[in-house]
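Q: Please take a close look at one part of this structure. Please then place that part in the context of its chain and of the remaining chains.

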Amino acid sequence: MHPPAKRSLHIARSVTEALEARARLGDNAEFFAGGTWIMRADRREEFEDRHYISIGGIEALAGILISKDDVVIGASTSHAELAAALTEVAGFRALQVAAEKSANPAIRNLATVGGNICTGGFAAADLVPALLCLSASLEFSGADGLERVPLETFLKTRSAVLPGRILTRMIVPRRPRRSAHARLPLKKAGDYPVAIVSASFALGENGAVEDAVIAVGSVEHSARRWTALETAIRGLRPTSADVVALAKETAGEFQGRDGVEAPGWYRVKVLPELARRAFEDLAERKV
Amino acid sequence: MTASIANPAVMNLARRDARDKLRGRTRYTIDHVTPGTLHAFLLRSEVPAARILRLDVTKARAMPGVRAIATAADAPGFFGIGIADHPLFAKDVIRYDGEPIAAVAAETLQQAQAAAAAIELEIAPLPASITMAQALAPDAPLIHENWRDYEILLEGAARGGNVAWEAKVMRGDTEAAFARPDVTIIDSCFSVGRQNHVPFEPRAVVATYEDGRFHIKTSTQVPWTVRNATARALDVPASQIRVTVPPVGGAFGLKFDCSLEPFAAVLARKTGRAVALVNSRREEMLTCLCRENAEIRIRSAVTKEGEIVGREATVLMDCGAYGGEQIFLTTMTAHTLGGNYKLGSARISSRAVYTNTAPNGAFRACNGVYNTFALERHTDEIAEAIGMHPMEFRRRNVIGDGDLGSTGQVFEGDVLGPMLEKMAALQAKAPATPRAPDDRRLFGRATTVGTWFIFVGPSSATINLNTDGSATLITSGVEIGSGTMVQSLPQIVAARLGIRPEDVVVKGADTDAAGFDLGVGGGRTTVSIGAASTAAADEVRKQILHAAGELLQTRVEDLELGAGRVEIRGVKGSGMTIAKVVQHLHGTVGPVAGTGAFTNPGVEAMAGCAMGHFIDAIDIPVFAVHDCEVAVDPDTGHVDVLSYRVVQDVGRALNPRAIHSQIQGGVVQGLGYALHEDMSVGPEGRILQSGFETYRLPGALDVVPVEIELHEGAPSIGPLGTKGAGEVPILNVGATIACAVSRAVGKPIHELPLTPPKVLDLILGDPRHLDHPHISATWIDNTIPVRA
Amino acid sequence: MTVMLRINGEERAFYGDPMTPLVDVLRETLLLTGAKAVCREGFCGACTVLIDGVPTPSCLKPAGLSGGAEITSIEGLGIEGELTALQQALEDNDVVQCGMCFPGMVMTLTPFLAAKPDPTREEVKQALVGNICRCTGYERIIDAVLSIGNKERTP
Ligand SMILES: Cc1cc2nc3c(=O)[nH]c(=O)nc-3n(C[C@H](O)[C@H](O)[C@H](O)COP(=O)(O)OP(=O)(O)OC[C@H]3O[C@@H](n4cnc5c(N)ncnc54)[C@H](O)[C@@H]3O)c2cc1C
Ligand code: FES
Ligand code: FES
């Protein structure tokens, strides 16, 4: 057995202070936002000693700014704050639902948007596919200054981007689109979703899909776009049945991860149904 | 029993302990870890099977804050049920992942953990049998090499190799029945996983050792078992051990066995300090004495008319590395799987099988839950095979007055038949849940029956009457949340003494103060402790009446007790308060006390039918009829429970509201078992679900209000005709859900739990018939040959 | 390290590892044992306390980050230990069993009912997604919550 890990806490008041602390403490140091992931390190049997740098009190990471062109979300925004802020924002239903339905009420008060995106090895993050289908980009602050990275790129280069950088804000463009988020926990609520489909569609005058961004979460180790379905659906005025049929044809591009809670094949098998749910939700709404 | 005595006991008395529980003031065992208490931690094995080559605690003992380390040398004894096969610490051989090897006491938990990590342990891995199929393979290594040498605590059972215990029923000639030309033979196999109790308070103990005696404060259902097993493990006289029990934060059978207590006791003796040992949730998940996984084959020979002329069944129960409760639970199969229906002839083999996995234990309606699932699904398969409606089949075959149970006992009264009618009436009142036209889900409904039995066993009670007119009830009963100690017992005693239940003080269990008790579980408390308390109450009642008779110059027969007073019958205000009488007695003959004792009267089985059983016949049968409607999502495999109904045989409902609460809670635990709670053993013998993230307990959104009808009036030897009501509600939930889902998806179901992936697999796949190659269709091959 | 905590209206000092979960400080140092550390994962809700009025799993909150806020534990509810209307309803309806989940249930439902005094059954269930009870099967708890004020409610 392993001896209990030593864990120390450092409180940063500014991004600069946090980055300095990170530089000083080295690779054993980790930023601490809401702590809902970090505080379960023992449960995950992580035995290394750790330094935590609290960034929760940094003002520059707080707040949500909704403008004509985009929605800018501070990294330390909680899920609950995000859900409340987005209720009236057209086109953002995917993100609003993701923030409102994930976890449970108390966790939503504590867990941050930044933490949800930055947690390494967390495949079931709700906000990630939702932000992905809305073409969000991320702003990081590091020793070398500010850097803006599309979320899609970040998901592929995570390990190169993250160490030593703080995610400061997410920038989500506002475009005339409809979006939806279909998640599948095994219970009615409260457990992690075993599969997620988030989708945003730009619909033409005639109701045809001009553009679709469809993201799949929790199925593989990292969320990614369902490009084959996006392509297949473009230009169509699909019915639910069409969506399901196309989803079935294209779901094969995913390789489901086996987990204690669900086998990989299951995560892939439910994708067409989640695509249907997302589509029906999105088609029903005018916003 | 006259109505005037019986009636005052029936009421919806609210629990007296709710107020403090709601304010966070109740102090469970985990809340007794006060500053200054040493913290204990167990070094546990991380492999399923190994030989211990070297164990050296020298370095660890010298670590900061460490006050003592105990190993096998400190606890030489073996304990167990039926056979003493269980040492406290792994000594030479490790038999499961999680098995304790050493126990450390230190000033802080972190120090204890650090020291445990510093213990030097060298092991040589041994081949492990993780599944029962592996353990029963002809060439399987013996998990207990020297099983022959263990002390036998109950004679009469066959044992051998990795079969820890075998209980058998042989009534009538099944071979002849199966050979009849006019029967259809239905053969089904079933398989179920483990279920973790997840009591919110984990197993926890605080022990001290003073003046040569141990005081063990523990979260248990069985103070006397803890006392006696600890004595065996430490090889000390049981009289040196005192066990007291604070309020228990949930148990459900997990705490029906001794587990952590001897470790804390040993460390307390070594250190002379109070030592606390509390399982972490992870330990509680990985080493829980779960409801066992089981594998079952049932074969039935049934005529066209639906008569079951022969039934042969084999039930393999995984006891894990040590026999534990499963040894006893092999007894239950005769009455659960062998229950419900009239059988022309029966052969049942119920075997506890050793594997290199964490030991299992007792869980609410233990053994009954999965045997009822298997039996009811098998019954549906019979009905289908002979082309009879499943309800018609049940109506024809359920046990009624004068029918024989599997071990040949004669049942009294028609209970299940009328209960089925009550359920039909409930269904008729509420039409099937309406569905929207575009609802694509698959709908199914099922009604099942279940048989449970209450094994009463010994209990004792003392009542002191106080000069203020209150009574103090002293028993070894424990309040585990079911309400027995705060509701039915004071209600029974109060009614007997003519005082308010609020005026019955119920003392928490203390083996130094109260007499022996078998423990709180199986639904026996109200019955056994209730009967002992009734007897004790009768003694003090007699003294009061006698004294009052003298004081009032009235014959005892003309007196009655009520509202805290002794009155001349029919003349209100004619007598005096009970307090007055007690004060008088204090001054004249001394304090007023009474004691009572009770044990099972012993119901007869048919001679020679049952072998290896702890009890051959049912003291109190309890029946249940459940009904549910489900809707299954064909694309995700999610099962929505639309409605749930229960008709439960309660004998007599002393506190109907509290029984309703028990039923709602028990059904929801059953829904967890049926649909959500997946506890799987990995290839290396470690349980995969280590916490709440992966072990999914039903939440508020996953449940429905259960519609309940209590069936009263069935025969019972319980006080006032009661039967335990808390154990039974979970009994046929797995069965009912499985039968309903099976009908919804149109495929047979042979396994639980029905998690969404499993249901989707079922929907998408071809209908499959489960087969257990390691359970022979030739029944006799599943038994240990009897040596001449 | 010393952390000053404001708990139930009082300033209390905690000397120790600031990464210690608040629930352990409450239980072990301050002997406020009402909050229970049942899962230590944020799933069960038994450790819920109010931090500046917001229900928070105290198993996931380090003591070192709990300073400067108003922490209310179950012991701090009600005036001088009197039952609140919610607690009274739960007692009157006899819904408690082992009781381990109830301090957390009460801490979750108290601000919920303050914000939404007239909830539907479904809303109460949604509010309890993070509060697991192993004993009761929930429905009677919800009946009790809905009985407060005895108003007619939609299901
Ligand atoms: C009971 C429970 C249920 C849950 N259910 C769901 C669910 O249904 N769906 C879901 O998506 N999630 C779920 N989660 C996970 C939860 O959303 C994550 O734990 C949470 O989002 C992490 O955020 P945090 O602020 O608490 O992160 P922390 O624990 O503070 O940090 C997590 C990781 O992110 C890093 N990090 C945090 N912020 C930054 C930043 N600004 N810059 C760089 N790195 C950063 C940290 O260094 C750390 O490695 C659940 C969690 C719990 C406890
Ligand atoms: S102990 Fe904190 S949520 Fe379970
Ligand atoms: S009453 Fe026991 S956990 Fe809720």
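**The annotated hammerhead segment and its surroundings**

A: In an unreviewed entry, UniProt places the feature "domain: Aldehyde oxidase/xanthine dehydrogenase a/b hammerhead" at residues 23-127 of chain B. Feature names are shortened, positions follow the numbering used here, and annotations may be inferred rather than shown by experiment. The model is predicted: local features need pLDDT of at least 70 and side-chain atom pairs count only at pLDDT 80 or more, whereas totals for chains, interfaces and linings use all residues. Residues are numbered from 1 along each chain as its sequence is written, chains are lettered from A and ligands numbered from 1 in the order in which they are written, and side-chain values use heavy atoms, with hydrogens and water left out.

Over residues 23-127, chain B is 13% helix and 38% strand; helices (H or I, at least four residues) and strands (E, at least two) are DSSP runs, numbered from the N terminus. The C-alpha atoms at the two ends of this segment are 52 Å apart.

The segment belongs to a chain with 20 helices and 33 strands. Chain B has a radius of gyration of 27 Å, which agrees with the value near 28 Å for a compact globule of 788 residues. That radius is taken over C-alpha atoms, and the globule rule is 2.2 Å times the number of residues to the power 0.38. Along its principal axes, the C-alpha trace of chain B spans about 80 × 70 × 65 Å.

Of the 788 residues of chain B, 65% count as buried; buried means under 20% relative accessible area, exposed over 50%, and partly exposed in between (1.4 Å probe, protein chains only). Contacts, meaning heavy atoms within 4.5 Å, mostly link distant parts of the sequence: among those in chain B with a separation of 6 or more, 80% come from residues 24 or more positions apart. The area that chain B exposes is about 25700 Å², of which carbon and sulfur atoms supply 53%; accessible areas come from the Shrake-Rupley method with a 1.4 Å probe, and for residues only the protein chains shown count as cover. Chain B carries 74 positive and 87 negative side chains, with the centres of the two sets 4 Å apart. Lys and Arg count as positive and Asp and Glu as negative, while His and the chain ends are not counted; each charge is placed at NZ of Lys, CZ of Arg, CG of Asp or CD of Glu.

Several individual residues of chain B also merit attention. B:Arg311 lies in strand S19 (residues 308-320) of chain B. This arginine is buried, with a relative accessible area of 1%. Its C-alpha atom is separated by 41 Å from that of B:Asp439, 128 residues apart along the chain.

Two backbone features follow. Most residues other than glycine have a negative phi, and most peptide bonds are trans. B:Asn340, although not a glycine, has a positive phi of about 70 degrees. B:Asn340 sits in the loop between helix H11 (333-336) and strand S20 (346-354) of chain B, and is buried, with a relative accessible area of 0%. A cis peptide bond, with omega about 0 degrees, joins B:Leu752 and B:Pro753. B:Pro753 is placed in the loop between strand S33 (751-752) and helix H20 (756-764) of chain B.

The other chains supply context. In chain A, an unreviewed UniProt entry places "domain: FAD-binding PCMH-type" at residues 1-177. Over those residues chain A is 32% helix and 24% strand, and the end C-alpha atoms are 53 Å apart. Of the 287 residues of chain A, 57% count as buried.

In helix H3 (residues 93-101) of chain A, the buried residues include A:Leu95 and A:Val97. The buried residues of H3(A) pack against strand S5 (70-74), helix H2 (79-85), helix H4 (105-110), helix H6 (127-133) and strand S9 (178-184) of chain A. A:Ala103, which follows H3(A), has a positive phi near 50 degrees.

In chain C, C:Arg40 has a positive phi of about 55 degrees although it is not a glycine. C:Arg40 lies in the loop between helix H1 (22-29) and strand S3 (48-51) of chain C, and is partly exposed, with a relative accessible area of 33%.
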